[in-house]
Amino acid sequence: MSAIARTFTRTPFRRAIQIRRGGHHEGYNQPTGYLFGEKPLAPGAKRVKEDWEPLMFYGFFGSMAFGTALVYYKPDSNVHTWAYREAKARMAARGETVEYKKQE
């Protein structure tokens with residue numbers, strides 16, 4: 001293998017190893033001591049919401065409410081319920097009583 005070919009094949013590999021190990025860049029935000037990096041507001045000042053916050057709030061909780069309603073009103077597809085209804089219908093078709101009578 002020639003020296004030029006060796007150079008081209010090794011350079012991307014070395015770069016990948018350097019990136020995988022962290023690559024000498026400042027990727028750490030120094031702690032400020034404030035919650036979420038926001039400085040406390042002056043008394044009486046209101047916090048300005050970012051553009052994504054209302055969408056996240058209404059979208060997340062709205063979809064949770066919609067999903068809860070879907071699960072609550074989901075049709076009963078349990079095999080035991082189906083078997084009970086099927087047995088009840090077959091017994092009624094044969095003329096047998098479906099109701100259990102109290103024994104004395």
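How far apart, in helical turns, are E86 and R90 in helix α3 (residues 79-94)? Select both residues: being four residues apart in that helix, they are separated by about one helical turn.

Before going on, note that this is a predicted model, in which local features need pLDDT of at least 70 and side-chain atom pairs count only at pLDDT 80 or more, whereas totals for chains, interfaces and linings use all residues. Residues are numbered from 1 along each chain as its sequence is written, and side-chain values use heavy atoms, with hydrogens and water left out.

**The whole chain**

Show the protein as a cartoon, and you will find three helices and zero strands, the elements running α-α-α from the N terminus on; helices (H or I, at least four residues) and strands (E, at least two) are DSSP runs, numbered from the N terminus. Switch to a surface view, where the accessible surface comes to about 10900 Å², with 61% of it belonging to carbon and sulfur atoms; such areas come from the Shrake-Rupley method with a 1.4 Å probe, and for residues only the protein chains shown count as cover. Buried residues make up 2% of the 104 residues, where buried means under 20% relative accessible area, exposed over 50%, and partly exposed in between (1.4 Å probe, protein chains only).

**Helix α3 and its ends**

Return to α3 and select its end C-alpha atoms, which are 22 Å apart, in agreement with the 22 Å that its 16 residues should span at 1.5 Å a residue; the expected span is 1.5 Å times one less than the number of residues. Of these 16 residues the number buried is one, so the helix lies largely in the open.

Within α3, E86 forms a salt bridge with R90, their closest N and O atoms being 3.1 Å apart; a salt bridge is a side-chain nitrogen of Lys or Arg within 4 Å of a carboxyl oxygen of Asp or Glu. E86 counts as partly exposed at 28% relative accessibility, while R90 counts as exposed at 53%.

At the start of α3, select N78, a side-chain oxygen of which reaches to within 3.3 Å of the backbone nitrogen of H80. Following α3 comes G95, whose phi is positive, near 90°. Select next R94 and E96, which form a salt bridge with their closest N and O atoms 3.8 Å apart; R94 is exposed at 58% relative accessibility, and E96 is partly exposed at 39%.

**The salt-bridge network**

The structure holds four salt bridges. Select E38, R47 and E53, which are linked in a network of them. E53 is joined to R47 with the closest N and O atoms 3.1 Å apart, and whereas E53 is buried, with a relative accessible area of 18%, R47 counts as partly exposed at 39%.

**Residues 55-73 and the nonpolar patch**

Finally, select residues 55-73, which an unreviewed UniProt entry annotates as "transmembrane region"; such annotations may be inferred rather than shown by experiment. Over this stretch the chain is 95% helix and 0% strand, with the end C-alpha atoms 26 Å apart.

Add W52, M56, F57, Y58, F60, F61 and M64, which form a nonpolar patch on the surface with about 840 Å² of accessible area together. Patches are made of residues with over 30% relative accessible area and no salt bridge, like charges being joined within 9 Å and nonpolar side chains (Val, Leu, Ile, Met, Phe, Trp, Tyr) within 5 Å. M56 is found in helix α2 (residues 52-72) and counts as partly exposed at 47% relative accessibility.

Technical notes
Polar contact = N/O pair within 3.5 Å; in protein donor to acceptor, adjacent residues only side chain to side chain.
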